[in-house]
Amino acid sequence: MLKTDTTLHLEADPVKNNWEFTEVWIDPNLSPPYLLLLLSDAEGNCRIYDPAEGYKVVFSSQSYDEAQYWLLEDEYEPIEGRLRVSELV
């Protein structure tokens, strides 16, 4: 039997070790709902990742407000709660 390696190999990301919080956003109009991840670094820069596309960055901004506007414009809604790095340490 042939085995296939399905481990995701994520590219190095400048936000990786400098992140402050992450949020999950959902498009409830789709079935099943579509999810995106917002990651904000300590300087306030945000990146939005698409887990369905191998965690590809689909949007970058220099502020949370700009990232939030982009998500709301596409009718995404935030899942209640925010995971902060300080909660994990």
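# Close-up views of a predicted model

**View A.** Leu35 is part of strand E2, which covers residues 34–41. Strands here (E, at least two residues) and helices (H or I, at least four) are DSSP runs, numbered from the N terminus. This is a predicted model, in which local features need pLDDT of at least 70, side-chain atom pairs count only at pLDDT 80 or more, and totals for chains, interfaces and linings use all residues. Residues are numbered from 1 along each chain as its sequence is written, and side-chain values use heavy atoms, with hydrogens and water left out. Together with Val24 and Ile79, Leu35 makes a nonpolar surface patch of about 210 Å². To join such a patch, a residue must have over 30% relative accessible area and no salt bridge; nonpolar side chains (Val, Leu, Ile, Met, Phe, Trp, Tyr) are joined within 5 Å, and like charges within 9 Å. Accessible areas come from the Shrake-Rupley method with a 1.4 Å probe, and for residues only the protein chains shown count as cover. Is Leu35 buried, partly exposed or exposed? Leu35 counts as partly exposed because its relative accessibility is 39%, the scale being buried under 20%, exposed over 50% and partly exposed in between (1.4 Å probe, protein chains only).

**View B.** The whole chain sets the scene, with 2 helices and 6 strands. Along the sequence these elements run β-β-β-β-α-β-β-α. Of the 89 residues, 27% are buried. The chain exposes about 6600 Å², with carbon and sulfur atoms supplying 53% of that area. If you like contact maps, here is one summary: among contacts (heavy atoms within 4.5 Å) between residues at least 6 apart in sequence, 41% join residues at least 24 apart.

**View C.** Now for the interior: the largest nonpolar core has 11 residues, namely Phe21, Trp25, Leu36, Leu38, Cys46, Ile48, Phe59, Ala67, Trp70, Leu71 and Tyr76. Strand E1 (19–27), E2, strand E3 (46–50) and helix H1 (64–73) each give this core at least two residues, and H1 has the largest share, with 3. A nonpolar core means buried Ala, Val, Leu, Ile, Met, Phe, Trp, Tyr and Cys residues joined through side-chain atoms within 4.5 Å. In soluble globular proteins, nonpolar side chains tend to be buried together. Which residues does Trp70 touch, once its neighbours within four places in sequence are left aside? Trp70 is in contact with Leu36, Ile48, Val58 and Phe59.

**View D.** E3 has pairing partners in both E2 and strand E4 (residues 56–61). Two strands pair if DSSP finds at least two bridges between them. E2 and E3 run antiparallel over 4 bridges, with Leu39 bridged to Arg47 in E3. E3 and E4 are likewise antiparallel, over 5 bridges, and here Tyr49 stands opposite Val57 of E4. E3 is mostly covered, with 4 of its 5 residues buried. The hairpin of E2 and E3 leaves 4 residues between the strands, and Gly44 there takes a positive phi near 95°. In the hairpin of E3 and E4, 5 residues lie between the strands, and Gly54 in the turn has a positive phi of about 70°.

**View E.** Zoom in on the charged pairs, and you will find 2 salt bridges in the whole structure. The term requires a side-chain nitrogen of Lys or Arg within 4 Å of a carboxyl oxygen of Asp or Glu. Glu20 and Arg84 meet at 3.7 Å, N to O. This pair links distant parts of the chain, since Glu20 is in E1 and Arg84 is in strand E6 (residues 83–84), 64 residues apart. In the pair of Glu23 and Arg82, the closest N and O atoms are 2.7 Å apart. Glu23 lies in E1 and Arg82 in the loop between strand E5 (77–78) and E6, 59 residues apart. Glu23 is buried at 7% relative accessible area, whereas Arg82 is partly exposed at 30%.

**View F.** Some unusual backbone values complete the set, at Pro32, Tyr55 and Glu75. Most residues other than glycine have a negative phi, and most peptide bonds are trans. Ser31 and Pro32 are joined by a cis peptide bond, with omega about 0°; Pro32 lies in the loop between E1 and E2. Tyr55, in the loop between E3 and E4, has a positive phi near 60°. Glu75, in the loop between H1 and E5, has a positive phi of about 65°. Tyr55 is partly exposed at 34%, while Glu75 is exposed at 52%.
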